Amino acid sequence: MLCDDFKLRRMPAYTVVGTQWGDEGKGKVIDVLAPQADYIVRFQGGNNAGHTVVAKGEKFVLHLLPSGILHPNAQCIIGPGVVLDPKVLIEELEALTAKGICGKNLWISDRAHLIMPYHIKLDEAKEKKRQKKIGTTRRGIGPCYEDKVSRCGIRVADWIDEARFSKLLRENLGEKNSLLERVYAESPLDFDEIHAEYRVYAAELKHRVIDSVKVLNGAIRSGKTVLFEGAQALMLDIDYGTYPYVTASSPSTGGVSVGTGVPPGLLDRQVGVMKAYCTRVGEGPFVTELMNSTAEVIRKRGGEFGATTGRPRRCGWLDLIAAKYACAINGITDIALTKLDVLSGFDTLKVCVGYQIHGTPCDTVPANIEDLYRAVPIYEELPGWSQDIATITRYEALPESCKAYLQFIETFTETPIAMVSVGVDRSQNIIRTKDLK
Ligand code: GDP
Ligand code: IMO
Ligand code: MG
């Protein structure tokens, strides 16, 4: 049964995270909730994200900007836990301006870390050298987080302080150039070029830099509604994902406090975005992956091609073991189930309800990556539905087998589904609208 309310009004701080391997439709869900929010905040990741919003037939793909940027009434913040490529940000803002969206509501935390050209070059060089590739987005995300943790990163506050930026850049570049040349046989980067380029970016973005920790804590305490926008997803989480085939940050709800400075006690509801089936871009284990024509059908119907890199996404049946694991770790209070329309037309649908590893049943995601590679899915087969459901806006109007599919997910994950998305447009949703204010 769909749960009763999916409104932001009653609770001040909502989190929206991915529960699978990314690309679940987080951008769309944020866009649906955004009109009710005062602040929309990215708390981790960087422009490895690709969040698609389709509004009045126009498609926007956002990488670094919070998806709420299309709503001028919401203040959008790139939070402390994000890694920021200023060149990409300026390009994104320019692209939006060209489409008539001014982006004046964008703010940048002074604590966010900067992605530098050597991070991008190292990401590429490391990936090239790896025997077992991760399939990163090559946007410099991993190397930037590496520098953050090894305490040599350059933060936004350092970048807008000219003397400090020059010093840190010189120190870092000396080390990175020897790495590039000696370990990876790559050409070195030039200090003056990077310095000049990043001075221009700083001049352009400086007026957007704020102490977001103070702003956000103050906002929540004064009753404003804040929406935290996750990028990537739990199965790509540095701690709980399919390590080492993961991203370098914490896309789980636990990452919100770390990545924004807002204490856990102020975070109320945790929305987990879940696709009605599974996809994955990049390398790594994927227990329910399909290598047959069904995968082709899903990829084609679902438009499963990366929003950031254009790579075809690997496709498979819904993995409820991974879903339950993600709901538990994130403390998901509401599932937003997306792309249910893509599953119309199959006679039967499979959902994975267990793994068989070395002949032994397993009911959770194992830490050992080799075990996960060997895991054989145990499927439950459910009846499909033939109708096109893309125009349905009421739960009651869904075909019975479609409702049974939703109920199976709710029962297995022990989590209510609050919203079902049945198409790309912001209007194509089934939401219980009972107003509980
Ligand atoms: P995100 O990274 O989680 O924001 O997801 P992406 O934007 O990378 O990928 C989701 C894709 O599915 C986008 O192209 C969306 O426009 C599309 N999408 C979202 N919800 C639905 C839905 O309910 N049905 C269909 N058919 N497409 C959807
Ligand atoms: P959104 O926010 C899907 C994957 C990459 C690679 C791994 C590590 O759109 O859901 P990285 O560049 O982060 O070091 O790559 O993580 N990856 C994503 N996959 N959606 C994303 O973001 C992703 N961001 C990173 O493909 O496997
Ligand atoms: Mg995406």
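**Ligand 2 and the ten-stranded sheet**

An oxygen atom of ligand 2 sits 3.4 Å from a polar backbone atom of Gly135. On its own, ligand 2 exposes 550 Å², and the protein buries 97% of that. The model is predicted. It also holds an open sheet of ten strands.

**Around ligand 2**

- Gly50 offers a polar backbone atom 2.9 Å from an oxygen atom of ligand 2.
- For Asp23, a backbone N or O atom lies 2.9 Å from an oxygen atom of ligand 2.
- There are 20 residues around ligand 2, and Lys26, His51, Thr137, Gln232 and Thr247 come nearest.
- By class, the shell around ligand 2 contains ten polar, seven nonpolar and three charged residues.

**The sheet**

- The strand order is β9-β7-β5-β2-β10-β1-β11-β15-β19-β20, with mixed pairing.
- Strands β9 (209–210) and β20 (429–431) stand at the edges. Each has a single partner strand, so one side of each has no neighbour in the sheet.
- Strands β2 (residues 39–42) and β5 (residues 75–78) pair in the parallel sense, over four bridges.
- Within that pair, Val41 has Ile77 in β5 as its bridge partner.

**Helices on the sheet**

- Helix α1 (residues 26–33) packs on the sheet. The strands it touches include β1 (13–18), β2, β10 (226–229) and β11 (269–275). Also among them are β15 (334–338), β19 (417–421) and β20.
- The direction of α1 makes about 160° with that of β1.
- Helix α11 (residues 320–330) lies across β1, β11 and β15. Helix α11 runs at about 165° to β11.

Key. Residues numbered from 1 in each chain as written. Chains lettered and ligands numbered in written order. Predicted model: local features only at pLDDT ≥ 70, side-chain atom pairs only at ≥ 80, totals over all residues. Heavy atoms only, no water. Pairing = 2+ DSSP bridges. Helix = DSSP H or I, 4+ residues; strand = E, 2+ residues; numbered from the N terminus. Contact = heavy atoms within 4.5 Å. Axes fitted to C-alpha atoms, helices over the stretch in contact; angles between N-to-C directions. Near = heavy atom within 4 Å. Polar contact = N/O pair within 3.5 Å; in protein donor to acceptor, adjacent residues only side chain to side chain. Areas by Shrake-Rupley, 256 points an atom, 1.4 Å probe, with all protein chains shown as cover. Nonpolar A, V, L, I, M, F, W, Y, C, P; charged D, E, K, R; others polar.
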